[in-house]
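Thanks for coming. I will go through the strands first and then the pocket. Please have the structure open while I talk.

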Amino acid sequence: MKKALLFLSYLFLPFMITAQPSLISVSPDSAYALKVLDVTITGNNTHFNTSNGTVVKFGFDQGTGTTVINKTTIVDASTIIANVTIPFAGFGAYDVSVNNSTDGLITLPN
């Protein structure tokens with residue numbers, strides 16, 4: 001009985017483990033203040049699309065009074081291109097987040 005249970009666990013384990021959605025890269029990963037540029041955000045096991053309300057947020061837009069994201073283009077389920085104006089918010093490392101009803105909030109820190 002134990003061998004049969006072990007065999008079934010081995011057989012169905014790949015179907016029981018699902019990878020969590022994550023952001024794996026942002027390119028370019030640095031820019032000068034007041035620069036306007038396209039930023040490519042890449043995810044893994046993500047479901048980016050317009051029907052699930054996918055929204056991109058950059059950590060430096062808090063309290064700056066500047067419209068940071070000019071336009072967002074969803075390329076496919078794992079790639080977004082955001083046209084961004086970098087505000088004069090000072091030097092530092094900032095988070096990038098993507099939120100939607102399928103993946104929830106996923107963040108790439110710094």
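**Strands and a pocket**

Let us begin in the middle of the sheet: strand β2, residues 36-44, pairs with strand β5, residues 79-85, in the antiparallel sense, over seven bridges. To find that pairing on your screen, look for T42, whose bridge partner in β5 is T79. Keep in mind that this is a predicted model.

Now the other neighbour of β5. Strands β4 and β5 are also antiparallel, with six bridges between them. Here T72 stands opposite A82 of β5. The two strands make a hairpin, and two residues lie between them.

How buried is β5? Five of its seven residues are buried, so the rest of the structure largely encloses β5. For anyone new to the term, buried means under 20% relative accessible area.

Let us put the sheet together. It is an open sheet of four strands, in the order β1-β2-β5-β4, and the pairing is antiparallel. Which strands stand at the edges? They are β1, residues 22-27, and β4, residues 69-76. Each of these has a single partner strand, so one side of each has no neighbour in the sheet. On average, neighbouring strands of this sheet are turned by 20 degrees against each other, if direction is ignored.

Next, please move along the chain to β6. Strand β6 covers residues 96-100, and four of its five residues are buried, so to speak of it as mostly covered is fair. On one pairing, β6 is joined to strand β3, residues 55-58, by four bridges, and the two run antiparallel. V56 has V98 in β6 as its bridge partner.

β6 also pairs with strand β7, residues 104-108, through five bridges, again antiparallel. An example is N99, whose bridge partner in β7 is L105. β6 and β7 form a hairpin as well, with three residues between them.

Last item: the empty space. Rolling a probe the size of a water molecule over the atoms shows where empty space is left. The largest pocket holds about 610 Å³ of space. Which residues are closest to its centre? They are D29, S30, A31, G92 and Y94, out of 25 residues that line this pocket. What kinds of residue make up the lining? It divides into 19 nonpolar, four polar and two charged residues.

That is the end of my part. I can go back to any strand on the screen.

Conventions. Residues are numbered from 1 along each chain as its sequence is written. This is a predicted model: local features need pLDDT of at least 70, side-chain atom pairs count only at pLDDT 80 or more; totals for chains, interfaces and linings use all residues. Side-chain values use heavy atoms; hydrogens and water are left out. On a 1 Å grid over the protein atoms alone, a cavity is a set of points where a 1.4 Å probe fits but cannot get out, and a pocket is an open set with protein on both sides within 12 Å along at least five of seven lines; lining residues have an atom within 4 Å of a point. Grid points are joined across faces, edges and corners, and a volume is the space filled by probe spheres set on the points. Ala, Val, Leu, Ile, Met, Phe, Trp, Tyr, Cys and Pro count as nonpolar, Asp, Glu, Lys and Arg as charged, and the others, Gly among them, as polar. Two strands pair if DSSP finds at least two bridges between them. Axes are lines fitted to C-alpha atoms, for helices over the stretch in contact, and angles run from 0 to 180 degrees between N-to-C directions. Buried means under 20% relative accessible area, exposed over 50%, partly exposed in between (1.4 Å probe, protein chains only).
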